[in-house]
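Please open the model in your viewer and keep the sequence panel beside it, since this tour goes from one selection to the next.

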Amino acid sequence: MSAHQVSIVILSLDIMISYRRKMACILMVGLSISAGILVEAGQAKAKEPGQESLSAVMPDDTPIYMRINEPAKLFLDEFRNPIFLKALKQIPQVGSQMENPQIDQVKMVLGVLSSTEDLSWSEMIREILAGPAEIAISTYPVKLVMTVKPKDVARLGRLHAKLVEFIQQDAKNKGNADPVKTFKHGVTDCFSIAPTEAHAIFGDRFVFASSEKILGEALDILDGSKPAKATLDKEPRFVEAVKAAAPESRQAWAFARMDLIRKSNPGTYTVPDDYNPLLALLFGGWVEAYRQADWVGMAIDWKDNKPAIEAILPVSAETAKTEVRKAFTPPKGVYAAKPLSVPNQLGTISLWRDLGKVWNIRESVVTGPALQGLNGLDNGIGQFFGGRDFGTGVLGSLKPDWRIVVAEQVAKTMNPKPDLVLPAFAITVGYDVKDDDFRQRWVIAFQSLIGVLNVVGGQQKAPVLVQNQEDFDGAKIHSAKYLPPVKPMKVKDGETKPSEEGIHIRHNFRPTLAISGDHLIISSTTEMARDVIKAIKAASGSDTPPQAMSVEVDGKRIAGVLEINHERLVMQNMVEKGHGKSAANAEIGGIESMIKALNQARISAQDTENQYRVKISLDLNQVGK
Amino acid sequence: MNSWLDSHLKDPRAAWSSHEPDKSRPWDRASVAHLHRRAAFGATPARISADLKLSPKMAVDNLIKGSATASDGTSAAEFAKFFDRIESRLGLDGPLRRIQGLWVQRMVNSPRPALEWLTLFWHNHFATSDVKVQNTGLMVAQIATLRRHAFGKFGVMLDRVAKNPAMLVWLDAAANRRTKPNENFAREVMELFTLGRGHYTEKDIQEAARAYTGWFVVQERFAFLEQQHDTGTKTVLGQTGPFTGEQIHQILLKQPASGLFLAKKLVQHYVSETDIFPEALLQPLADVFRESQGSIEAVVRTILESRLFHDPAGRRRRVKSPIEFTVGLCRMLEMADPMPPPELLADSASAMGQGLYVPPSVAGWDGGAAWIDTTRLVARTNLVLAICSQTGPLSGKLKLEDWARRAGSTSPESTADALADTLLADSVKPQLRLELRTLAKTTPKDLRPVVARILTDPSFQLA
């Protein structure tokens, strides 16, 4: 279970129970909790009733299942790692919750409780959450069952009894009714302190459910008195997901039956047909896979302050045969090019994408106005390319090795320095160098586009772009630059203090087309185009394993860019959200710190015959450095 | 003739003389609320209490000067500087709704609401729309000019506005060539900005247009291209010479009609937009305008301090404009920091018929009864419900417990009374007061229904 899910559990409790009950509830949940959960999926061996993995006893139509192999390690060692906490505190909403005095109160009560067993509160939690922890959730209506295996179930029993005693005594001292409801299910003692919470110690584990009834049902399953006809661990989708993720080697793993979730709540977890067409062209394959997928797997690995989360989507045999799939997936043994590396880099993306093929199947991934827009693009852009067909003649003449780099512009070297300094970016892709007409068409298209922009700008009395050409390192660069702003004209009886005026955002851009060998480079600035020319020639780039896509992001440097534009972002925050200056400052500062805390982030994607895998990895080691 | 103006018409000079409170016309909470409602979007209970201790003249003086600090605690100077910077920065490249939101935010938070109120008046007077200008940076710069000169000398403001790039683009005068003088620009200067219809001839327009030749907009700046200026002799309103555009303005402002024209527009803004003010009643204000060399502040002070302005019969003779309504409720309910998202408030005002920076024509907004047709009233109600709702982007900013504490209320009923007194002042009827108290008793822990009832009451739509 993720921290977010834990929050949801706690927030749900928050809504449903009074403060005092909530405190007790948090403790109860904390005893099992923090949420994680479960069993050794798919690995159930013959065990005594109450000792099997939850997946081995829950019915096969359980839509959501999660497990954390060593919850104490994850929650006490990794989540409570100062580096991670520091990063977490940067998120305003989370940060304020972390300052919540109730947390100290919970710690205090835990301290008192643990002292009865001569343990510190963390030692107590470590014993209770020895693991594994498992959660099974049914949706609509939500039914939650959570189990966790403590190190010493007898000790758990004593601690639980003591906690119940504390709660009852506290209520008595305050003249309140006993908040703890006790009841028997079979021979098992059960407890409840809120309508949405019930728990019991059963066999070697602590069982928590979202109501008395659900607890009863769970205990019936666990003790074998009312076993499921077919269990989750035998469900083919679950088996496939386990095989793909190897949950026993992960710190946490989650499985969701998308077919059941979508069926029980139509319209949810679907992708709208009219989503961003650019995203559709770039990532439509993944979206289609998600649309078709009847399960999704998610795994967390967290070692040495390097958390990583991996999502796995199955590709069915039918999907694999489709043109959409073929258009988005590289042939076997073909991968994205090595990512480029440029000075002051904020991020770099390398992507295998045959846009010519994707264009041909656009009607399958884009609909409605977006599709009309793309068809309009076909006509409009085609004109710039001497009537070439946009799909086959333009996109089809490009190679599939797309690389994008984004880098910080050095503000102090910019003249004029715009009020909002934006990063520079460049896209480069290969083309058939023998196709000289194609190269010429690109140059003409670029120059035509600048001409159109100048006509529009002229109508609005705005500055125009001045074109330039240069040779650089064997490459040809075609660029354009806005005329610098003129100073306000003085008037005779003029104002002693002219109004303060900023420099327009347009001065971030010096649109550039460069052609270097068999590579086209489209860049927002000429400087960036030069850097990319050098980067391509140097064949520089990080050493990454073969994959269909890789993304690397430098959080610290991105935070630096945000800091440069801090005042501007504060202003935007004020007008967008209605915040005062101090509140806007705090929010933007928090975002900057949070992004800085991400440090190096890497996203990689692998497309195999029957799976899509996307992995996001972070390195928290450099936080604060 | 309007009955309430009849008595003032007998002695126009006395009508505009300083109001001295007496038993029949006391300086009470209703009077203070009236002053703030008409000149500054409305007042909080604390502000009303504070002004009650002053004379009307001092209250007007404070109103025009503004508070020393803004709602966020920064000094008025710092506040103005920060917002000037925001507007000049975000206005440069922001979308229209962003600059609309920024101005709404400034109006709600400003320590000088009277200045924003008057700037809004000038925005209507020198109505320019981004629909045609298509340049938010120029639009923001124009409003900055209006704000800077709002209380200053009208002649200076006229010169500045006439050379404002947004105005020149708006009136198709961004390239005023010697061979093709722009008569449209000259016509609007006379008809809409200074004299009004009937006080000039077509010949005057043609001649004045020659004086404006050489005025251009180049790269978003005003530029005077000397070679394009007609240096020949022109005859305008009986005066002859090689006039420039600035000199035309001086000629226009010396016309008796200009003082009357501006006095009438200011009276419509501050006093009544439905009553007809005879020239004789306006003449004293025109005299103040002339004697003060065109000081706008002098005319505004005269109006706000006058017996006529403080005549209780003159209250609620204006329909609140959408911006007045929106900003007013935020200020009076002290929803400033945080406030509902300003861009959404600006959107709401647009839905009610008043999009900032996009007046419908050179003549500005129609105003008056046009603000409250069926559709626009629904839009007003929608805003109120959104603000008083439990969910939604405009909700959650109404902190009534804090408001009640500051207002000194001790019970739900007294809070309902305080809300009614602040928002409706002397227009709250006994029956409505009873209804509000009953409502407060029904939902004592949540008085948002009381607020919603007040804000949707017909009397809250009037100023």
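Begin by selecting residues 491–500 of chain A, where pLDDT (the predictor's confidence in each residue, from 0 to 100) stays under 50, and where the model has 9 contacts beyond four places in sequence, a contact being two residues whose C-beta atoms, placed from the backbone, lie within 7 Å. This is a predicted model, in which local features need pLDDT of at least 70 and side-chain atom pairs count only at pLDDT 80 or more, while totals for chains, interfaces and linings use all residues. Residues are numbered from 1 along each chain as its sequence is written, and chains are lettered from A and ligands numbered from 1 in the order in which they are written.

Next, select residues 1–46 of chain A, where pLDDT also stays under 50 and the model has 111 contacts beyond four places in sequence. Where pLDDT is low, the predicted coordinates should not be read in detail.

Now colour chain A by confidence: its average pLDDT is 82, with 86% of the residues at 70 or above. Helices (H or I, at least four residues) and strands (E, at least two) are DSSP runs numbered from the N terminus; the lowest mean, 35, belongs to helix α1 (residues 3–16) of chain A, and the highest, 97, to strand β17 (residues 519–523) of chain A.

Turn then to the contact between the chains, to which chain B brings 37 residues and chain A 31. On the chain B side, α6(B) gives the most, with 8 residues.

Finally, select α7(B), which has 14 residues and reaches 20 Å from its first C-alpha to its last.

Notes
The expected span of a helix is 1.5 Å times one less than its number of residues.
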